[in-house]
Amino acid sequence: MNIVVLAGGISTEREISIVSGTKVCEALREKGHRAILLDVFFGNTGLQADCAFTEAYDVNAAAAYMRSFDSKLEEAVKTQKEFFGPMVLELCKAADVVFLALHGENGENGKVQAAFDLLGITYTGSGYLGSALAMDKGISKQLFLENGVPTPKSVMLKKAEGMKQPETIGICLPCVVKTCCGGSSVGVYIANTREEYEQAVKNAFHYEDEIIIETYVKGREFSIGVVDGEAYPIIEIAPIQGFYDYKNKYEAGSTIETCPAELAADLTKKMQDYAVMAYHVLRLENYARVDFLMDESNNMYCLEANTLPGMTPTSLLPQEAGALGMSFADLCEKLIEVSLKK
């Protein structure tokens, strides 16, 4: 197949997206597909739709071309009128399918998906509605509570409302302060004192005008991939220091990941069932990854769903697929297969 692997963009997760896209593109080409790597925001003026999908292709050179724009990102965001870069839509229309390796803003909030739906472009992952619902953690948590998916108690704060102390909004310290629509734990803080809380709120408002103050749950952290409505093996995430923040997610050796997680059979089934429930409650399609905490009394709490999870061979979803005997390249093909069914 002719495949565009769409990555990059303008979010705080741009670099992670480029890494995901590079690995996916390499894997798909190993499988015999004519895949090309493309930056959704900067595009590539050197490619033409009628001759871009070739047998010979240098994926690493394409990734380096994408990174050459990193220093120009801030200025480009101010001056570029259209989100889709040169030749992006033309190449995506010419492809059999677009593999979305985007993370964060625009890539996961449903805007790209809605545009592609209008243009008749086939893509991987959830549609615009599920993507938008899952991206907004405030809406996600509201839907979880209304549909029996346990989630930590939380309160929404808007920047215009100013600083509000935890006790005035019914939250006790320690608590978690996080952005409403962020990803990769960017803009997430654990506050143990009033001073830490006030600084965390200021920092979170630096990223967005709406944030979440959430009850802190001390316990074990897990993630579960759901592919075509089926829960994959659970993976446990245990940072060596601190919590599962940006550093612990992407710095080698900073986190111990165990898959399948060491859980009793009844707890495994219960958490997987909750993951599938969350997947359907948020109107997700094709695949996603759902994150959980479990306290010392085995109470489970769903934190959020990630509609376009990281896709490097060591990312969480590929590790879960590996526990089923599925290679990284096979998983990439599987995600395309289930997405084409829609």
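## Cysteines and disulfides

This is a predicted model, and a search of the whole structure finds 0 disulfides in it. A disulfide is a pair of cysteine sulfur atoms within 2.5 Å. Why does C25 have no bond to C332? The closest cysteine sulfur to that of C25 is in C332, and because the distance is 10 Å, the two are too far apart for a bond. C25 is also buried, because its relative accessibility is 0% and the limit for buried is under 20%.

C51 can be treated in the same way. The cysteine sulfur closest to that of C51 belongs to C92, and it is 16 Å away, so a bond is ruled out by distance.

## Helix 6 against helix 7

Helix 6 covers residues 128–135 and helix 7 covers residues 137–146. The two helices pack at an angle of about 95°, and their axes are 5 Å apart. Helix 6 is therefore roughly perpendicular to helix 7, because angles of 65 to 115 degrees count as roughly perpendicular.

Which residues make the contact? From helix 6 they are L133, A134 and M135, and from helix 7 they are K137, I139, S140 and L143. Sorted by type, the residues of this contact are 5 nonpolar, 1 polar and 1 charged.

## Two positions listed in UniProt

An unreviewed UniProt entry lists E304 and N306 under "binding site". E304 is in strand 13, which runs over residues 300–306. N306 is in strand 13 as well.

Leaving aside neighbours within four places in sequence, E304 is in contact with K137, F144, R289, V290 and D291. One of these, K137, is also part of the contact between helix 6 and helix 7. With the same neighbours left aside, N306 is in contact with E108, A288 and R289. Is N306 buried or exposed? N306 counts as buried, because its relative accessibility is 17%.

## A histidine in a loop

H33 is in the loop that links helix 1 (14–30) to strand 2 (34–39). Although H33 is in a loop, this residue is buried, with a relative accessible area of 12%. Apart from neighbours within four places in sequence, H33 is in contact with M1, I3, L28 and E333.

## Cis peptide bonds

Where are cis peptide bonds found? One joins L173 and P174, with omega about -5°. P174 belongs to the loop between strand 4 (154–158) and strand 5 (175–179).

Another cis peptide bond joins C259 and P260, and here omega is about 0°. The loop that holds P260 runs between strand 11 (255–258) and helix 10 (265–281).

## Residues with positive phi

M87 is not a glycine, yet its phi is positive, about 70°. This residue is in the loop between helix 3 (73–79) and helix 4 (88–94). M87 is buried, with a relative accessible area of 16%.

D228 is not a glycine either, and its phi is positive, at about 55°. The loop that contains D228 connects strand 8 (219–227) to strand 9 (230–231). Is D228 buried, partly exposed or exposed? D228 is partly exposed, because its relative accessible area is 39%, which is neither under 20% nor over 50%.

## An exposed isoleucine

I240 is found in the loop between strand 10 (235–239) and helix 9 (246–250). I240 counts as exposed, because its relative accessibility is 54% and the limit for exposed is over 50%. How far apart in space are I240 and I256? They are 16 residues apart in sequence, and their C-alpha atoms are 7.0 Å apart.

## Helix 11 and its surroundings

Helix 11 spans residues 316–323, and its buried residues include L316, L317, P318, E320 and A321. What covers the buried residues of helix 11? The cover includes strand 8, strand 10, strand 11, strand 12 (287–295) and helix 12 (328–340). After helix 11 comes G325, with a positive phi near 85°.

Conventions. Residues are numbered from 1 along each chain as its sequence is written. This is a predicted model: local features need pLDDT of at least 70, side-chain atom pairs count only at pLDDT 80 or more; totals for chains, interfaces and linings use all residues. Side-chain values use heavy atoms; hydrogens and water are left out. Axes are lines fitted to C-alpha atoms, for helices over the stretch in contact, and angles run from 0 to 180 degrees between N-to-C directions. Helices (H or I, at least four residues) and strands (E, at least two) are DSSP runs, numbered from the N terminus. Angles under 35 degrees count as roughly parallel, over 145 as roughly antiparallel, 65 to 115 as roughly perpendicular and the rest as oblique. Contact means heavy atoms within 4.5 Å. Ala, Val, Leu, Ile, Met, Phe, Trp, Tyr, Cys and Pro count as nonpolar, Asp, Glu, Lys and Arg as charged, and the others, Gly among them, as polar. Buried means under 20% relative accessible area, exposed over 50%, partly exposed in between (1.4 Å probe, protein chains only). UniProt positions are given in the numbering used here, feature names are shortened, and annotations may be inferred rather than shown by experiment.
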